Amino acid sequence: QGNYYTDTPLHGLWKIEDNRMFGPNLFVTGKYAYYNTGFTLESIGSLDEQMGISALQGQTFGSTNAQYFLRPQHTVNVDSNHFRTFGSQRHNFKFGMGWRRTDAYARTIYPGNNIVAYENSATNFRARVYREGVGTNRSLYLNFYVGDTISVGRATFDVGLRYDRQWGYALASSTQANAAFPNLVPGITFTGYDTPFHWNNLTPRVGVTYALDESHKTILRASFSRNAGQLSGINGNIGHANPSSNAGWAEYPWTDLNGDHLAQTNEV
């Protein structure tokens, strides 16, 4: 049923890195990494069976739903260090950038005819008619930073500034209708959307270290920094208005004609 995520099928962490010296003072590191992880809540029973939940009996019947989650990430980083001396001052300039793309894929399917039978009480039998849920929210992160560590005598000063840009997309998706009542609970064709916002943040950092004696046995430190919150693509900012990731449903009365605690199509 439904559609599956079509990104790179590799699992685990894959990384390539190159370190370069450009003369005696400049060191540059470039890295690309692909990290794919996720988890599955798989039904022990067959997805061909029905699903029933009875509060009266205090038990479940048949099978249960299955859920699939993937979190593939692509990451690029370039980090540089440049060492210079100006008179009595020693400088370690740091600058670089980072880019990351994270996809949050979720799929939920219900077994059998996609109808879950609920025995809520002796007089309240309900059938919840489900459609498939399948969707992906994509988060994108870009940053640039520059900083300097300055050593003068017993004092060391650390200053830096970082720029972050964060945005994302809810990707297009098509979900399967309910198997028994496709006209009542149809699948949806979701065209996707771009986030109507971009987060832009400038975050400073400053610190000072001072040695009270020549042997540097007693050191005073003070620092201040500011950090930007991370844009969430799973349940938060990006996927807030994405209807495809969750399974949709409509509920109807149900009569258990054959007493098996499961909702056949003719009993709804």
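## Two histidines with positive phi

H261 lies in the segment that follows β18. In this predicted model, H261 has a positive phi of about 65° although it is not a glycine. Most residues other than glycine have a negative phi. H261 counts as buried because its relative accessibility is 19%, and the limit for that class is under 20%.

H216 also has a positive phi, near 60°, and is likewise a residue other than glycine. The position of H216 is in the loop between β16 and β17, the latter strand covering residues 219–225. With a relative accessibility of 42%, H216 is classed as partly exposed.

## Strands β9, β10 and β18

Strand β9 spans residues 115–121 and strand β10 spans residues 124–130. A hairpin of two residues connects β9 to β10, and the two strands pair in the antiparallel sense over six bridges. Within this pairing, E119 has F125 of β10 as its bridge partner.

Strand β10 also pairs with β18, which consists of residues 249–253. This pairing is antiparallel and runs over five bridges. Here the bridge partner of A127 is Y252 in β18.

## Nonpolar cores

The largest nonpolar core has eight residues: I115, A117, A127, V129, F181, V185, W254 and A263. The elements that contribute two or more residues to this core are β9 and β10. Another core, of six residues, lies apart from it, and its members include M51, Y118, Y130 and A247.

W254 belongs to the largest core. When neighbours within four places in sequence are left aside, the contacts of W254 include A117, Y118, E119, F125, R126 and A127. W254 is also in contact with H261, L262, A263 and E267. Among these contacts is thus the buried histidine of the segment after β18.

## The loop between β15 and β16

T195 is situated in the loop between β15, residues 193–194, and β16. T195 counts as buried, because its relative accessibility is 6%. Not counting residues up to four places away in sequence, T195 touches W167, G168, Y169 and I238.

H198 is found in the loop between β15 and β16 as well. H198 has a relative accessible area of 38% and is therefore partly exposed. Leaving aside neighbours within four places in sequence, H198 makes contact with R165, Q166 and W167. W167 is therefore a contact of T195 and of H198, with contact meaning heavy atoms within 4.5 Å. Although H198 and L140 are 58 residues apart along the chain, their C-alpha atoms are separated by 10.0 Å.

## The largest pocket

The largest pocket has a volume of about 410 Å³. It is lined by 26 residues, of which N143, R162, D164, T203 and N227 are the closest to its centre. By character, the lining comprises nine nonpolar, 11 polar and six charged residues.

Several strands each supply at least two residues of this lining: β7 (73–86), β8 (89–109), β11 (133–152), β12 (155–170) and β16 (199–211). β12 gives the most to the lining, with six residues.

Terms used
Residues numbered from 1 in each chain as written. Predicted model: local features only at pLDDT ≥ 70, side-chain atom pairs only at ≥ 80, totals over all residues. Heavy atoms only, no water. 1 Å grid on protein atoms, 1.4 Å probe; cavity = no way out; pocket = protein on both sides within 12 Å on 5 of 7 lines; lining within 4 Å. Points joined across faces, edges and corners; volume = space filled by probe spheres on them. Helix = DSSP H or I, 4+ residues; strand = E, 2+ residues; numbered from the N terminus. Nonpolar A, V, L, I, M, F, W, Y, C, P; charged D, E, K, R; others polar. Pairing = 2+ DSSP bridges. Buried < 20%, exposed > 50% of the residue type's maximum accessible area, 1.4 Å probe, protein only. Core = buried A, V, L, I, M, F, W, Y, C linked by side-chain atoms within 4.5 Å.
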